[in-house]
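Let's walk through a protein model together, one question at a time. Keep the picture handy while you read.

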Amino acid sequence: SGSPIIDVNGDKANVWCDFIIMHITPTKLETTATGRYYNKLVKTGGQWRFSQRVSAQQGAQLPRGLVPVPGA
């Protein structure tokens, strides 16, 4: 995973970050899933709070209503 991409618009923001899920045993390390979180945040009382958090595995169709990563 890397650094998140954050797009702030006033008191709202879209944030995208990638994830990797690994299965580790004494004899092997394997990737079991990769994907991206599509987050919406709202600033309330001076603090940022999640208003939506959805994950999508790599290669899956993007669920309806989610904002794609800028420039992707």
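Q: How many salt bridges does the count come to in this model?
A: Keep in mind that this is a predicted model. To count, a side-chain nitrogen of Lys or Arg has to sit within 4 Å of a carboxyl oxygen of Asp or Glu. Going by that rule, the count is one salt bridge.

Q: Which residue forms a salt bridge with Arg 36?
A: Look for the spot where the closest N and O atoms are 2.7 Å apart. That fits the cut-off of within 4 Å. The partner of Arg 36 is Asp 18.

Q: How many residues apart are Arg 36 and Asp 18?
A: Arg 36 belongs to strand 3 (residues 29–44), while Asp 18 belongs to strand 2. The pair therefore ties together distant parts of the chain. Along the sequence, they are 18 residues apart.

Q: Is Arg 36 buried, partly exposed or exposed?
A: Buried would need under 20% relative accessible area, and exposed would need over 50%. Arg 36 comes in at 26%, and its salt-bridge partner Asp 18 at 36%. Because 26% falls between the two cut-offs, Arg 36 is partly exposed.

Q: Which residue in strand 4 stands opposite Arg 36?
A: Strand 3 and strand 4 pair in the antiparallel sense, over 10 bridges. They also form a hairpin with two residues between them, and Gly 45 in the turn has a positive phi of about 60°. Across from Arg 36, in strand 4, you'll find Ala 56.

Q: In what order do the four strands of the sheet run?
A: The sheet is open and its pairing is antiparallel. Strand 1 (5–9) and strand 4 (47–57) are the edge strands, each pairing on one side only. From one strand to the next, the twist averages 25°. The order is 1-2-3-4.

Q: What is the bridge partner of Val 8 in strand 2?
A: Strand 1 and strand 2 run antiparallel, and five bridges join them. Val 8 has its partner in strand 2. That partner is Ala 13.

Q: Is Asn 14 buried or exposed?
A: Asn 14 sits in strand 2 (residues 12–24). Leaving out residues up to four places away in sequence, Asn 14 touches Ile 5, Ile 6, Asp 7, Asn 39, Lys 40 and Val 67. Its relative accessibility is 18%, and the cut-off is under 20%, so Asn 14 counts as buried.

Q: Which strand gives the most to the nonpolar patch?
A: Ile 20, Met 22, Ile 24 and Leu 29 make a nonpolar surface patch of about 410 Å². Met 22 lies in strand 2 and is partly exposed, with a relative accessible area of 36%. A residue needs over 30% to belong to a patch, so Met 22 passes that test. With three residues, the top contributor is strand 2.

Q: How far apart in space are Arg 53 and Asp 11, C-alpha to C-alpha?
A: Arg 53 is in strand 4 and is partly exposed, with a relative accessible area of 46%. Not counting residues up to four places away in sequence, Arg 53 touches Cys 17, Tyr 37, Tyr 38 and Asn 39. Arg 53 and Asp 11 are 42 residues apart in sequence. In space, the distance is 17 Å.

Key. Residues are numbered from 1 along each chain as its sequence is written. This is a predicted model: local features need pLDDT of at least 70, side-chain atom pairs count only at pLDDT 80 or more; totals for chains, interfaces and linings use all residues. Side-chain values use heavy atoms; hydrogens and water are left out. Buried means under 20% relative accessible area, exposed over 50%, partly exposed in between (1.4 Å probe, protein chains only). Contact means heavy atoms within 4.5 Å. Patches are made of residues with over 30% relative accessible area and no salt bridge: like charges are joined within 9 Å, nonpolar side chains (Val, Leu, Ile, Met, Phe, Trp, Tyr) within 5 Å. Accessible areas come from the Shrake-Rupley method with a 1.4 Å probe; for residues, only the protein chains shown count as cover. Two strands pair if DSSP finds at least two bridges between them. Axes are lines fitted to C-alpha atoms, for helices over the stretch in contact, and angles run from 0 to 180 degrees between N-to-C directions.
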